[in-house]
Amino acid sequence: MNGLATVTRGGLLALLAVLSAAPAQPAEQKDPAAAAAPAARPGPPSPPPPLTLSARPSAKGGERLYVQYCGMCHGKGGMGTGLLARRTDRPLLEERNDLTVDYVIQAARTGIGNMPPIPRGEVSDADIKQIAAYLTTPKARGGR
Amino acid sequence: MPLSSYSIPPERLAAARRSFAAIVGAQNLFFDAEDQDSYSDAFAVDDSRHRPAGAIAPDTVEQIQAIVRVAAEHRIPLWPISRGKNLGYGGSAPVLEGSVILDLSRMKKIEYDEENGTVLLEPGVGFYDLYDFLKARGLKHWLSTPGNSWGSVIGNALDRGVGYTPYGEHTTKLCGMEVVLADGTLVRTGMGALTGSPTWQLYRFGFGPAWDQMFVQSNLGIVTKAGLWLMPEPESLMGMDLEFDRPEDLGPLIDAIAPLRREGVLQQSPTIGNWLRAAAILTTRAEWTDQKGALSDTVIAAIRKKFQMGWWGVSLRLYGRETINREAYSILESEMNKLKPLSMKRTSWKRGDPLEMTGWTGTPLTFPMQNANWHGGLGGHIGFSPVLPQSGTAAMEQFRRTYQRYQEFGMDYQASFAFGERHLINVNAILLDKDDPDMMRRVDPFIRTLVADAKAHGYGEYRTHLDYMDLVASTYDFNGGALGKLNAKVKAALDPFGIIAPGKSGIGTAAGQSGDR
């Protein structure tokens, strides 16, 4: 469990929903039993779903590689997005317009802040170049 | 004396690299300084330790067989990783500095038996990969995911990681393996030993001795495939998120949950976490105080108030048929109400409703790792996780003892008590501030003290960081360390040159690296 845990506490989920600007899903609070509960309070919205390829079936090339290798942390609700939201008002890399190819490659290969380095055995030099190109082309901007 | 580093003679490494390149192609050999950095432990307490010589990334079983033969010939220690995201326990780094990382992250094949609810996975398949694979097929089976789901599904099960659904004890859901031994032999365990058997992923034990757990937290072979059972999508999910106000609420809470878990009313593995486990993800320390040392009660109260947190929180979930869940829910609610929780938030889901995207539904997550930023700068965490009996008294004593040590060493207490069927694991994540050298110097003596305290009460850890594998192994000391001697004997028989992960779990640190090298 890596010393971590799934945290479902109200404040966290509410905060995540704000960070990720996800559309609020209906809170799940149907009464499962008739018994009265103490201090039941309204449930927060669920965090956004993970960014994986089935959510972007038409993604190709650099976008596909980005979703596959970076989506877990840099999608809405991911660790990278959560930490970047503390430093910038555009935490989603796909919405940034100030990234350069060299910067993306350098950040991924050496790690940056609390992001560990991504080794070449995991993402090849050719693939990382395509990802960097995707993140720095105009068509990638404008928000997803 | 165990070796902690090993410098492969340059001419021997050069010869091995030529042979490795012939096997995997030069483009899959990574021996630059930047590669050595990228395969080191990003959460290390001491960055100078556990640096590898480089890495090789095969993508077939045959390549792995050829690699171990070359490694044996040239006496090259290999450190196999599945995806290398075991953060808090060493990441992708080896115990023995100078080892060559065997990076299996390119091996991503998934075989799915939808009818029986099993998968056969290669080591590079991550939780997100498997989630995506199942989601594209309608999520008829759910995963069980750990708090950091960046890593490998079978890598996690092989290190005895846990999740939070009824399938949360991952290592017990493994069913059948394919393993490359140090001499290159390929073995299949359980029913996989019977050529062409359709029951490899259905019956765990095979005939005669069952070896699967021999390859778990071990260095006796390289697992190249493993079967895993998946939970069928339930008809209904019900439960509650509870907060409790006082530190002393822990004991009664454990004594209330434990019989429900043993009886089977509750089939998942709840984990009781303290306020900081949640807060360290949401905020940074500097927003609350600039005082060094353990947080004061005033600061703790302010953080709890802001985020409406109890001192402890726990989530309970019921999985399965709706009629059964309703009855079980009434029992849970009645038992929890007796404890007078600070709050109880009910949750109920039926197939077809929007799903809560949490670990309780096996959704992969990375945001819990935001706790690496608790201290504001370069951070990380390291685990201390002793196994306890399922007793409120024992847990309270462990909590008080450990909390006192956190105060003494000036650390912020982040902990949880995670249920198994008969045991509790007290997971402590020690949140590191790598920008504070004074704090970093206290980490090692702090952990050694915690291990000694636990040992004095007959407790040992279920899993540990690279730095403490020998130490933790030494606490398993019955009859002069007979278990460790057995491990060493088996290691010497299977891997006489000590080429597979020397030092893993305290095995093979001395034998294979002496003399011949």
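1. Arg463(B) is buried, at 4% relative accessible area (buried means under 20%, exposed over 50%, partly exposed in between, with a 1.4 Å probe and protein chains only). Its side chain meets that of Asp159(B) in a salt bridge, 2.9 Å from N to O (a side-chain nitrogen of Lys or Arg within 4 Å of a carboxyl oxygen of Asp or Glu). Asp159(B) is buried too, with a relative accessible area of 7%. The partners are 304 residues apart, Arg463(B) in the loop between α11 (437–456) and α12 (469–475) and Asp159(B) in the loop between α5 and β8 (174–180) of chain B (helices are DSSP runs of H or I with at least four residues, strands runs of E with at least two, numbered from the N terminus).

2. A word on the basis: this is a predicted model, where local features need pLDDT of at least 70 and side-chain atom pairs count only at pLDDT 80 or more, while totals for chains, interfaces and linings use all residues. Residues are numbered from 1 along each chain as written, chains are lettered from A and ligands numbered from 1 in the order written, and side-chain values use heavy atoms, leaving out hydrogens and water.

3. Over all chains, a search finds 39 salt bridges. One of them joins Asp32(B) to Arg120(A), with the closest N and O atoms 3.5 Å apart. This pair crosses between chains, from the loop between β1 (29–30) and α2 (33–38) of chain B to the loop between α4 (101–110) and α5 (125–136) of chain A. Asp32(B) is partly exposed at 46% relative accessibility, whereas Arg120(A) is buried at 17%.

4. Now for the empty space: the whole structure holds 10 cavities of 30 Å³ or more (on a 1 Å grid over the protein atoms alone, a cavity is a set of points where a 1.4 Å probe fits but cannot get out; lining residues have an atom within 4 Å of a point). The largest has a volume of about 620 Å³, the space filled by probe spheres set on the points, which are joined across faces, edges and corners.

5. You may like to look at the lining of that largest cavity: 37 residues, with Pro80(B), Ile81(B), Ser82(B), Gly155(B) and Lys504(B) nearest its centre. In chain B, β3 (78–81), α5 (153–158) and β10 each supply at least two lining residues.

Key. On a 1 Å grid over the protein atoms alone, a cavity is a set of points where a 1.4 Å probe fits but cannot get out, and a pocket is an open set with protein on both sides within 12 Å along at least five of seven lines; lining residues have an atom within 4 Å of a point.
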